[in-house]
Structures are given as C-alpha cells and as structure tokens.
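Open the model in your viewer and keep the selection panel at hand. The stops below say what to select next and what is there.

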Amino acid sequence: MIEENNSPKTDQENTANFQKKVWITAGIVSFTLITLLVLKTTFNVFLLILAGTLIAIFFRGVSSFIERKTGWKENIAVLISIFGTLLIAAGLFYLIGAKVQTQIGDLIDTLPKTIENVKDRMNSSTVGSKVIDNMSSPDSTEKVQGFAGQFFQSTFGVFGDLYVILFIAIFFTIAPQTYTEGMIQLVPKRGQDKARQIMGKLNKQLRNWLKGKLFSMFVVFILTAIGLAAIGMPLWLVLALLAGLISFIPNFGPIIALIPAVLVALLQSPQTALLVAGLYMLIQFVESNFITTLVQQKLINMPPALIIIAQLLMGALTGGWGLVLATPVTVIVIVLVQELYINERASNSSSQN
C-alpha cells in the first residue's frame with residue numbers, strides 16, 4: 001500500500017524534473033543562439049575596436065620611448081606621441097603628395113589601357129581566348145562582383161571606419177587603465193588577478209607583433225622602391241608605397257600589390273613585366289623567409305598555416321577588415337587558449353601529481 005501511494009508522487013516529481021531540464025536546455029540553447037547572432041552582427045564593430053587598440057598600442061610605444069629618452073612626464077609624452085605622429089604623417093603626405101597624386105592619376109589612366117593590352121595578347125592564343133570568354137561570362141562577372149562586394153564591405157564606410165578607429169585609438173591611448181580596469185571589473189573577484197595577467201600578456205604579444213609588422217612593412221617599401229627605380233619603372237613611388245602598406249596583410253598582401261605593378265609593367269614590355277614579377281617574388285621570399293622568421297624568433301611565434309586559415313575564415317565572414325586583422329585576432333586567440341586552457345591543464349596535472 002505504501003508503494004502504491006508513493007508511486008503517483010514519484011511520477012509527478014519525475015515529470016516536473018524532466019520539464020525543468022527541458023526548459024533549462026531550451027534556455028541555454030536560446031541564449032547560445034542569441035549570443036552567436038549578436039556576435040555575428042556586431043563582429044565588425046569588434047574589429048574596429050581591435051584596430052583602434054593596435055593604433056593605441058603604437059601611440060603608447062612611442063610615448064614610452066619618449067619617456068625613456070627624455071625623462072618627461074607621461075601625459076606630455078602621450079600628447080607628443082599622438083599629435084607628433086599625426087603631424088609627421090600629414091607632413092609626409094604633404095611633401096610627397098603632389099608626386100604621388102600625379103603618379104596615381106597616371107596609374108588610373110594606365111590601367112584600362114594595360115588591361116586592354118593584356119586582353120589583346122590573350123585573345124591571340126586559343127587558351128587565352130577561352131580564359132577571356134570564361135571570365136567575361138555573366139556567371140563569372142556576378143560571382144566576382146558578389147565576392148568584391150562582400151570583401152570590401154565595411155561597418156560605417158571606409159572613411160567612417162577610419163574616423164571611428166582614430167578616435168578609439170586616441171581615447172585608449174589617453175586613459176588605457178580606465179578601459180582595462182573596467183573590463184577586469186566584469187570578471188568575478190576571484191578571477192581578476194588572472195584577468196590582469198592575461199590582459200598584460202595580450203598587450204605584450206600585440207605590441208611585439210606590431211613592432212615586427214611595421215619593421216617588415218618598411219623593409220618591403222624600401223626594397224620595392226629601390227628595385228622598381230633600378231628597373232626604370234614609371235609610378236615606382238606609388239607602387240612601392242602600395243606594396244609596403246598592403247604587406248600589412250600577410251600572404252595575400254604581396255599578391256594584391258603585384259597585380260597593378262605587373263599591369264603597368266606590361267605597357268613597357270613583357271620583359272619588364274617579368275622583371276617586376278620576379279622582383280616582387282624575390283622581395284616576398286626575403287620578407288617571408290628571413291625578415292619574418294627573424295622577427296618571429298625575436299618577438300612572437302605563430303604557425304604560418306594557422307595565419308592562412310584565420311585569414312580565409314575571417315575574410316569570408318567579415319570581408320576586408322577580417323582579412324587585414326586576421327593575424328592580431330589569431331594572436332589574441334593563441335594567448336587566450338594558452339592562458340585559459342593549456343597552462344591551467346598543466347597546473348592541474350602538476351598539482352594532482
């Protein structure tokens with residue numbers, strides 16, 4: 001009799017527990033889906049914040065250098081770093097602006113003629129004509145336009161993005177502790193020391209990566225300018241500047257910079273185009289196998305294949321900004337995985353032993 005009386009009650013408890021688990025599971029799944037949707041929608045904003053953070057790290061690095069060399073106060077060094085960098089950049093653009101503007105105008109006038117010249121040369125052969133026909137088909141054109149539209153998409157437009165990035169960088173540079181401590185306060189109190197440690201590690205690794213990248217960009221610009229000037233290429237200055245700036249994007253940047261250089265060289269002669277292509281490949285070989293290797297040994301070490309995978313994923317998901325900032329995002333992921341998983345697992349294993 002006792003078992004018969006308890007049986008309905010037990011069934012009701014089991015049903016209630018089952019319903020509770022269903023609601024909890026549904027809540028977790030819903031929260032996860034909403035979080036992923038919000039992250040997907042706002043991920044470009046996080047990339048702009050990351051870009052501003054990188055510029056702030058640069059400003060802070062310059063201000064630290066000024067403090068060490070002069071002994072001036074931090075506020076003065078920060079102001080000199082920000083406004084000095086902006087003034088130097090504006091001065092450089094002003095001094096070489098006329099020359100670069102003329103060469104850019106020539107480049108704009110040259111490229112259509114060069115493309116037509118390439119088409120004529122390709123149409124003279126059977127294989128080349130087939131390639132032109134395939135590239136000119138409506139399906140191919142639609143695919144290229146769709147990819148280009150996705151790749152060059154931005155959150156607020158290019159100039160709006162740059163405006164947002166610059167002001168984020170200035171605010172982060174002036175009061176970095178305000179923002180870092182604000183983020184740390186969101187972490188439970190028992191994990192705040194660990195959060196400070198991770199923030200410091202992230203700052204160090206991003207600063208090291210930025211140092212290496214700026215050095216690599218400068219070397220690519222110098223080598224490209226010397227090589228193009230020696231070949232006698234027109235528009236050598238703007239092409240060298242383009243190669244240096246685009247080399248910020250590892251792996252794919254040199255390929256993008258090579259295209260306009262070869263097109264301009266084709267107007268001179270096919271031999272000049274081969275020389276320019278060989279020059280760019282040589283510079284890429286030196287940069288990737290010697291400069292980048294040296295920088296990684298001294299400053300930061302990242303697997304090259306992991307960078308390519310991150311670029312493909314980020315470029316496909318978020319467009320141009322994703323491709324440009326894939327490497328620093330990879331740095332952040334590596335640091336977080338190492339600090340939150342690998343080191344924790346190692347410490348737990350050692351404590352158990």
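Select residues 192-231, which form helix 7 of this predicted model. Helix 7 has 40 residues, and the distance from its first C-alpha to its last is 58 Å. That is close to the 58 Å expected at 1.5 Å a residue. Now step just past the end of helix 7 to G232, where phi is positive, at about 90°.

Next, turn to the charged side chains. How many salt bridges does a search of the whole structure find? The search finds five.

Stay on helix 7 and select K201 together with E339. These two form a salt bridge, with the closest N and O atoms 3.2 Å apart. The pair links distant parts of the chain, since K201 lies in helix 7 and E339 in helix 13, with their positions 138 residues apart in numbering. K201 has a relative accessible area of 25%, so this residue is partly exposed.

Add K194 to the selection. The side chain of K194 also meets that of E339 in a salt bridge, at 3.5 Å from N to O. Here again distant parts of the chain are linked: K194 is in helix 7, E339 is in helix 13 (residues 326-352), and the two are 145 residues apart.

Is E339 buried or exposed? E339 counts as buried because its relative accessibility is 5%, and the cut-off for buried is under 20%. K194, at 22%, counts as partly exposed.

Clear the selection and pick E181, D193 and R196. A network of salt bridges links these three residues.

Now select E74 and R60. Their salt bridge has its closest N and O atoms 2.6 Å apart. This pair too links distant parts of the chain, with E74 in helix 2 and R60 in helix 1 (residues 2-70), 14 residues apart. E74 has a relative accessible area of 35% and is therefore partly exposed.

For the last stop, remain on helix 2, which covers residues 74-123, and find F83 there. Which residues join F83 in a nonpolar surface patch? Select L79, L86 and L87 along with F83: together they make a patch of about 400 Å². Switching on a surface display for these four residues shows the nonpolar patch in place.

Key:
Residues numbered from 1 in each chain as written. Predicted model: local features only at pLDDT ≥ 70, side-chain atom pairs only at ≥ 80, totals over all residues. Heavy atoms only, no water. Patch = residues over 30% accessible without salt bridge, like charges linked within 9 Å, V, L, I, M, F, W, Y side chains within 5 Å. Areas by Shrake-Rupley, 256 points an atom, 1.4 Å probe, with all protein chains shown as cover. Helix = DSSP H or I, 4+ residues; strand = E, 2+ residues; numbered from the N terminus. Expected span 1.5 Å × (residues − 1). Buried < 20%, exposed > 50% of the residue type's maximum accessible area, 1.4 Å probe, protein only.
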